[in-house]
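Got a minute to walk through a structure with me? Have a look at it first, and then we'll talk.

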Amino acid sequence: MNERSEINLDPEDWDAFSQQAHEALDTAIDHMRTVADGPPWRPLPADARRDIEGPLPREEGDLGEVLARVKRSILPYPTGNAHPRFWGWVMGNGTPEGMLGDMLASAMNPHLAGYDQSASAVERRVIAWMAEVMGFPDTASGLLVSGGTMANLTGLAVARQAKTDFDLREQGLAGGPRLRVYGSVETHSWAEKCCDVLGLGRVAFRRVAADREGRVVPQAIRAAVAEDRRRGDLPICVIATAGTVDTGAIDDLDTLADLCRDEDLWLHVDGAFGALAALAPSLRHKLRGLERCDSVAFDLHKWGYLPYEVGCALVRDGEAHRSTFRTRASYLQPPGRGLQPDVLEFADLGVQLSRGFRALKVWISLETHGVDKIGRVIEQNVDQARVLAARIEAEGSLELLAPVPLNVVCFRYVEPGWPEERLESLNREILLALQEDGVAIPSSTVRDSRFALRVAITNHRTRYTDIDVLVDAVLDRGRRLATTL
Ligand SMILES: *Cc1c(COP(=O)(O)O)cnc(C)c1O
């Protein structure tokens, strides 16, 4: 008999692996436990970069040595969004149980196209919970995806399918009318990107005016729709935003729901971070009308505080959702028993076929904390934004540059008599100094042609004292830098 030499990728010594894995877990936990002790961000030093950028490894390496390099050269240099004073763009922190969810999901490694398995039941449950939070009916469908952009793409794809009466899936858009989608000047840039990807072209997306508070002007949408119809275009969808990136403004969803009903348009809500304000009783009223929209997209990796990547798309009309993504294979007679008793339910709701078990970290997080506590942390973030705005208004050298309806604050340092350009240079330098000195990470935007420091608080680790650290540092850097510019 021939001796076959068989190989696989499991450890030869599971006990030794277990010890190394426990050490790695301790490293991960220490990293999280002490995240506030270091700076939010520091650049990747040359020796760490060298540690990372080795040649293609041909030979086996030693796991212990590889993990030591991770600890030394990779873990200490993250984006910084886990830190209590990270408020740039809109990023979440991650949670310890979220980390466990990712680890356990990876250990199971199930395939989430569908199938009769525990993981499908978990994802179905998470979607049902989310539908309840957003005020959607039991018949709604939904899907966990990589993030807000993919969730928004999903909603817009269903809108495109539901509001066209030609065979778009088979024949495409060629020869049909030009489709039109509406949002405001405050709508996130995913809108053009997704119109492009869906074959509508970037021109399909019309940005209309927003009011002083950053909310879309519904009358401007009505006018644009009428104009486009006169021209022979086919309006299909309004994209409302619940929580604009720049200022956290929430469009008047109820009025937009009326408008979409009257005009036979799909109402999609981009609630990337803002929709989760639905978890907070004191904020829920700001989202009135959300329960009437046709689809909503939101991120659990932002204001759900979970580790990347996890976003969610919900569609009120489950059948419209399925008919957008169903493939031919789904029409084959399902056997009703066995591992695949039915159609591949999740693959039929989105672009992906092979899908991972993102639902586990969501399920663990919600079961552990309960949605009421998550809602209270969201409320705390909104209160911290209010406190920051109040301190800015109380400081003569600081100027608030936008209203603060939610958790985003735009402001700048001012020197009396300085022209706009000089103030912009000064505030750009303040922003970089805060990052490079390891103090805090705001980002920036432009409001009414004025360069603004922008603080978006979707951070469960932020404490009120961190707000003071920020204000004190801006005043300090502002004074010092003003003498050098
Ligand atoms: C973050 C964000 C997006 C994009 O979501 P990703 O998860 O980054 O893909 C879309 N819209 C708004 C309002 C956002 O804040």
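What follows is a short run of questions and answers about the ligand and a few residues.

Me: Before we dig in, what kind of model is this?
Reply: Residues are numbered from 1 along each chain as its sequence is written, and side-chain values use heavy atoms, with hydrogens and water left out. Local features need pLDDT of at least 70 and side-chain atom pairs count only at pLDDT 80 or more, while totals for chains, interfaces and linings use all residues, since this is a predicted model.

Me: How many residues surround the ligand?
Reply: A residue counts as near the ligand if one of its heavy atoms lies within 4 Å of it. The closest ones are Gly148, Thr149, Asp270, Asp299 and Lys302, and the shell has 15 residues.

Me: How does that shell divide by residue type?
Reply: Ala, Val, Leu, Ile, Met, Phe, Trp, Tyr, Cys and Pro count as nonpolar, Asp, Glu, Lys and Arg as charged, and the others, Gly among them, as polar. On that basis the shell splits into five nonpolar, seven polar and three charged.

Me: Which helix gives the most to the shell?
Reply: Helices here are DSSP runs of H or I with at least four residues, strands are runs of E with at least two, and both are numbered from the N terminus. The top giver supplies three residues, and that helix is H6.

Me: What distance separates Asp270 from a nitrogen atom of the ligand?
Reply: Oxygen atoms of the ligand have partners too: a backbone N or O atom of Gly148 lies 2.7 Å from one, and a side-chain N or O atom of Thr149 is 2.7 Å from an oxygen of the ligand. For Asp270, a polar side-chain atom sits from the ligand nitrogen at 2.7 Å.

Me: How much of the ligand's area does the protein bury?
Reply: Accessible areas come from the Shrake-Rupley method with a 1.4 Å probe; for residues, only the protein chains shown count as cover. Taken alone the ligand exposes 370 Å², and the protein buries 84% of that.

Me: Is Gly148 buried or exposed?
Reply: Buried means under 20% relative accessible area, exposed over 50%, and partly exposed in between, with a 1.4 Å probe and protein chains only. Gly148 lies in helix H6. Its relative accessible area is 9%, so Gly148 is buried.

Me: Which side chain makes a polar contact with the side chain of His268?
Reply: His268 is placed in strand S5 and is buried, with a relative accessible area of 0%. A polar contact is a pair of N or O atoms within 3.5 Å; within protein, one must be able to donate a hydrogen and the other to accept it, and residues adjacent in sequence count only if both atoms are side-chain atoms. At 2.8 Å, the partner of His268 is Ser295.

Me: Which arginines have side chains in polar contact with Asp233?
Reply: Asp233 sits in the loop between helix H9 (218-230) and strand S4 (234-241), and is buried at 12% relative accessible area. One contact, of 3.4 Å, is with Arg178, and another, of 3.1 Å, is with Arg180.

Me: Why do the buried residues of H11 line one face of the helix?
Reply: Those of H11 (residues 318-325) are Gly318, Ala320, His321, Thr324 and Phe325. The arc is that of the directions from the helix axis to the C-beta atoms. Seen down the axis of H11, the buried residues line one face because they fall within an arc of 165 degrees.
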